Amino acid sequence: MDFYFVFDRLRDGMTETLPALSCRPQPRAMRACECAGLSFHEIACRIEAEGLALDEVLTRTGCGRTCTACVPDLRAFLANRSARSER
Ligand code: FES
């Protein structure tokens, strides 16, 4: 089973089962891969400038290859960026 699928299901399950309390701290999205020392903006620029697929950029940079904590937020960042550019 895909790790990212399991991670997303766990996160979604926690969000659905916990009550929406106003005092509950909201998790902040990551804005960089801490392991590789690359911001998501830099990764997006490489994808656009070099015309590469995300997996190719991740392989070349090492982003998302160590602890993988950044991958869900990176995918969300790129999806939001793509949606904004289509408007
Ligand atoms: S924060 Fe990106 S691999 Fe660890």
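Which residues make up the largest nonpolar core? In this predicted model, that core has 10 residues in all: Cys-33, Leu-38, Phe-40, Ile-43, Leu-58, Cys-63, Cys-70, Val-71, Leu-74 and Phe-77. Two elements each hand over two or more residues to this core, namely helix H2 (40-50) and helix H4 (71-86). Of the elements, H4 gives the most, with three residues.

Now for the overall layout. The protein has four helices and two strands. Read from the N terminus on, these elements come in the order α-β-β-α-α-α. As for burial, 13% of the 87 residues count as buried. Contacts along the chain also tell part of the story: take those between residues at least 6 apart in sequence, and 58% of them join residues at least 24 apart.

How far can the prediction be trusted, going by its own scores? The average pLDDT of the protein is 85, and 85% of the residues score at least 70. The elements do not all score alike, though. Strand S1 (residues 32-33) has the highest mean pLDDT, at 97, while helix H1 (residues 3-17) has the lowest, at 69.

Two single residues help to fill in the picture, starting with Leu-78. This residue sits in helix H4, the element that gives the most to the largest nonpolar core. Is Leu-78 itself buried, exposed or partly exposed? It counts as partly exposed, because it has 15 C-beta neighbours inside 10 Å, and a residue needs 20 or more to be called buried. Once its neighbours within four places in sequence are set aside, Leu-78 is in contact with Ala-44 and Leu-54. The pairing with Ala-44 spans a fair stretch of chain: 34 residues separate Leu-78 and Ala-44 in sequence, yet their C-alpha atoms are 6.8 Å apart in space.

The other residue is Phe-5, found in helix H1, the element with the lowest mean pLDDT. Phe-5 has 9 other C-beta atoms within 10 Å, so it is exposed; the cut-off for that label is 12 or fewer. Along the chain, Phe-5 and Pro-72 are 67 residues apart, and in space 9.8 Å separates their C-alpha atoms.

Conventions. Residues numbered from 1 in each chain as written. Predicted model: local features only at pLDDT ≥ 70, side-chain atom pairs only at ≥ 80, totals over all residues. pLDDT = per-residue confidence, 0-100. Contact = placed C-beta atoms within 7 Å. Core = buried A, V, L, I, M, F, W, Y, C linked by C-beta atoms within 7 Å.
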